[in-house]
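Biologist: I am new to reading protein models. Could you take me through this one, feature by feature?

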Amino acid sequence: MSAPLQKIHLVRHGETAWSLSGQHSGRTDLALTERGREEARGLRTALARLAITQVLTSPLLRVLAARWLGLDAAQGRLLQLPTASHSALGYDHGMDEPVILGWGVCVSEGAQ
């Protein structure tokens with residue numbers, strides 16, 4: 001029996017004043033709004049069900065997903081990513097078939 005294929009879970013921060021106005025914070029560390037704090041609490045609940053072995057942080061989630069699929073990093077601009085969302089990267093049938101298993105699932109919609 002072969003080992004199960006691994007998944008990478010991507011989580012975007014909750015709402016900030018800049019995400020609310022459509023600005024991109026990049027590496028700027030902004031406080032969450034009250035709604036953003038509520039969203040973070042929802043993510044905590046959704047992620048508690050996962051067996052997480054490692055956590056990495058990056059402001060480049062859309063770029064990572066594009067590269068995962070073998071696309072140019074600039075193609076990440078085509079992937080909308082709402083605040084307080086959960087995404088998962090993995091494989092379809094084998095390690096030679098990378099796919100997006102779920103993208104931009106908001107806390108209120110549930111997590112994968």
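**Reading a predicted model**

Modeller: Gladly! Let us begin with one residue: Thr33 is buried, since its relative accessible area is 19% and the cut-off for buried is under 20%. Keep in mind that this is a predicted model.

Biologist: Where does Thr33 sit along the chain?

Modeller: Thr33 belongs to the loop that links helix H1 (17-21) to helix H2 (34-47).

Biologist: Which residues is Thr33 in contact with, leaving aside its neighbours within four places in sequence?

Modeller: They are Glu15, Thr16 and Ala17. Let us follow one of those partners, Thr16, which lies in the loop between E1 and H1.

Biologist: Is Thr16 buried or exposed?

Modeller: Thr16 counts as buried, because its relative accessibility is 3%. When neighbours within four places in sequence are left aside, Thr16 is in contact with Leu30, Ala31, Leu32 and Thr33. Take Leu32: 16 residues separate it from Thr16 in sequence, and the C-alpha to C-alpha distance between the two is 4.6 Å.

Biologist: Now I would like the whole chain. How many helices and strands are there?

Modeller: The protein chain has 3 helices and 3 strands. Read along the sequence, they come in the pattern β-α-α-α-β-β.

Biologist: What does the radius of gyration tell me about the protein chain?

Modeller: Here we compare the chain with a rule. For 112 residues, a compact globule would have a radius of gyration near 13 Å, and the protein chain has 15 Å, so the two agree. You can also look at the extent of the C-alpha trace, which spans about 45 × 35 × 25 Å along its principal axes.

Biologist: How many of the 112 residues, as a percentage, are buried?

Modeller: Buried residues account for 29% of them. As for the surface, the protein chain exposes about 7,700 Å², with carbon and sulfur atoms supplying 54% of that area.

Biologist: And what about contacts between residues that are far apart in sequence?

Modeller: Take the contacts between residues at least 6 apart in sequence: 51% of these join residues at least 24 apart.

Biologist: Could we try helix H2 next? Which residues there should I look at?

Modeller: Let us take Gly36 and Arg41. Gly36 lies in helix H2, and it counts as buried because its relative accessibility is 0%. Beyond its neighbours within four places in sequence, Gly36 is in contact with Gly14 and Glu15. For a distance exercise, pick Ala74: it is 38 residues from Gly36 along the chain, and their C-alpha atoms are separated by 27 Å.

Biologist: And Arg41?

Modeller: Arg41 lies in helix H2 too. With 38% relative accessibility, Arg41 counts as partly exposed, because that class runs between 20% and 50%. Arg41 and Cys106 are 65 residues apart in sequence, with 12 Å between their C-alpha atoms.

Biologist: Where is Cys106?

Modeller: Cys106 lies in strand E3 (residues 98-106). Cys106 is buried, because its relative accessible area is 17%. Not counting residues up to four places away in sequence, Cys106 touches Pro82, Thr83, Ala84 and Ser85. His86 is 20 residues from Cys106 in sequence and 6.5 Å away in space, C-alpha to C-alpha.

Biologist: I see Ala84 in that list. What should I know about backbone angles?

Modeller: Most residues other than glycine have a negative phi. In Ala84, phi is near 50°, a positive value in a residue other than glycine. Ala84 is found in the loop between H3 and strand E2 (85-91), and it is buried, with a relative accessible area of 2%.

Biologist: Last topic: pockets. How does one look for them?

Modeller: Rolling a probe the size of a water molecule over the atoms shows where empty space is left. In this model, the largest pocket has a volume of about 1,500 Å³.

Biologist: Which residues lie nearest the centre of the largest pocket?

Modeller: Of the 40 residues lining the largest pocket, Leu10, Val11, Arg12, Ser58 and Leu61 lie nearest its centre. Strand E1 (8-11) and helix H3 (61-68) are the elements that give two or more residues to this lining. By type, the lining residues divide into 19 nonpolar, 16 polar and 5 charged.

Technical notes
Residues are numbered from 1 along each chain as its sequence is written. This is a predicted model: local features need pLDDT of at least 70, side-chain atom pairs count only at pLDDT 80 or more; totals for chains, interfaces and linings use all residues. Side-chain values use heavy atoms; hydrogens and water are left out. Helices (H or I, at least four residues) and strands (E, at least two) are DSSP runs, numbered from the N terminus. Buried means under 20% relative accessible area, exposed over 50%, partly exposed in between (1.4 Å probe, protein chains only). Contact means heavy atoms within 4.5 Å. On a 1 Å grid over the protein atoms alone, a cavity is a set of points where a 1.4 Å probe fits but cannot get out, and a pocket is an open set with protein on both sides within 12 Å along at least five of seven lines; lining residues have an atom within 4 Å of a point. Grid points are joined across faces, edges and corners, and a volume is the space filled by probe spheres set on the points. Ala, Val, Leu, Ile, Met, Phe, Trp, Tyr, Cys and Pro count as nonpolar, Asp, Glu, Lys and Arg as charged, and the others, Gly among them, as polar. The radius of gyration is taken over C-alpha atoms; the globule rule is 2.2 Å times the number of residues to the power 0.38. Accessible areas come from the Shrake-Rupley method with a 1.4 Å probe; for residues, only the protein chains shown count as cover.
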